[in-house]
Amino acid sequence: MTESLPKRLAHTLALGLLSLAAAAPLTAAQAADAWPAQPLKAIVPFGPGSSPDQVARIVGEKASAILGQSIVIENKPGASGNIGTFAIANAKPDGYTFGVSITGPLVNNTLLFDKLPYAPATDLSPLTLAVHQPNVLVVPASAGIANVGQLLEALKKNPDKYNFPSPGAGTVSHLAVELLLAQIGARATHVPYPSSPAALTSLLSGDTQFAALPPIAVMPMVKDGRLKALAVTSSKRSALLPDIPTLAEVGVPGIEGSAWIGFVVSSKVPVEIQKKLSDALIQAIRDPEVTKRLQAQFMDPVGSTPAEFRAYMDEELRRWEPIIKKLGIKGQ
């Protein structure tokens, strides 16, 4: 007997629905396989020339070759890195926008600000910890301060007369100095800037008097005689700065911190795309030529897995939370 028209239509419709259901997962997989099909954008929450900007450009150049698409750098400084980091978290979750960030926006700003427009732990996915870099405690050469002891003596004798800059409240540049001041019982005024170069400009102009800034910002001026390097904030001497003692070596133990930089992306990006992006960035960081270029900027390349980067950020929160709460530091 010939099948009735209604039954044939129902049968055809059922087959069509089954086909669509079977094809749906393949469509998502195909989209991930095709990624990237257009240029990417890397957001930097700090100004041009800053350490994060340099990392984004050096690593991004190699990663673009690996991915077969250009990576455009976009600087979005302001609000201690919160503006640019929020832009990364709030980007269209297709994997074409990612970015770099640092301790403050990714960890400490959750303690420094009563409210953030994003939640670092849930709105952002770690891709890789790119570099470590020890901050360098410096003063203008014209200040006539030859060592840490002389700086500490000046701070104690002149309470509230010294200013120090940083690339943002809650950054290691800020917290390391606050801890130093607390340990010696001295006071100085913190002045946040949108980037390390801007902070450095304030130091050279005399608006601020001492600073703990990333080596990429200060070492060229240490070498040309405009700045005097007194110590590094790392727990041991940096292989890239072997002649500069640690604070512990010069009598101020317990102060250490890395001005690290890492790559992150919106947590809403499909995990398959996150992995492709992370793999490309890790491969780029570990490339011998990229490693050489980063080390030339006094940066120690890492290239961790996303899980290792997440664990490190959790460790950083445990490290800095007591200091922030004890000193009552608030974001600016």
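**Exercise 1. Check the length of helix 12 (residues 306-327) against its expected span.**

Solution. Helix 12 has 22 residues. Helices here are DSSP runs of H or I with at least four residues, strands are E runs of at least two, and both are numbered from the N terminus. The expected span is 1.5 Å times one less than the number of residues. That gives 32 Å for helix 12. Its end C-alpha atoms are 31 Å apart, which agrees.

The model is predicted: local features need pLDDT of at least 70, side-chain atom pairs count only at pLDDT 80 or more, and totals for chains, interfaces and linings use all residues. Residues are numbered from 1 along each chain as its sequence is written, and side-chain values use heavy atoms, with hydrogens and water left out.

**Exercise 2. Locate the bend in helix 12, then find what its buried residues pack against.**

Solution. Take the bend at a residue as the angle between axes fitted to the seven residues ending there and the seven starting there. Helix 12 bends by about 35° at Trp320. Pro322 follows within four residues. Trp320 is also one of the buried residues (under 20% relative accessible area, 1.4 Å probe, protein chains only). Others include Phe309, Tyr312 and Ile324. The buried residues pack against helix 4, strand 4, helix 7 (172-184) and strand 10. Contact means heavy atoms within 4.5 Å. After the helix comes Gly328, with a positive phi near 65°.

**Exercise 3. Repeat the length and bend analysis for helix 2 (residues 51-67).**

Solution. Helix 2 has 17 residues and should span 24 Å. Its end C-alpha atoms are 23 Å apart, in agreement. A kink of about 30° is centred on Gly60. Gly60 is buried, as are Val59 and Ala63, among others. Gly68, just after the helix, takes a positive phi of about 80°.

**Exercise 4. Which strands stand at the edges of the sheet?**

Solution. Start with the order: 2-1-3-10-4-11, an open sheet of six strands with mixed pairing. Strand 2 (71-75) and strand 11 (300-301) are the edges. Each has a single partner strand, so one side of each lacks a neighbour in the sheet. Two strands pair if DSSP finds at least two bridges between them. Strands 3 and 10 pair antiparallel over five bridges. Gly99 has Val264 in strand 10 as its bridge partner.

**Exercise 5. Find the regions of the model to treat separately by confidence.**

Solution. Use pLDDT, the predictor's confidence in each residue, from 0 to 100. The protein mean is 89, and 90% of residues reach 70 or more. Over residues 17-22, pLDDT stays under 50. The model has zero contacts beyond four places in sequence for residues 17-22.

Notes: Buried < 20%, exposed > 50% of the residue type's maximum accessible area, 1.4 Å probe, protein only.
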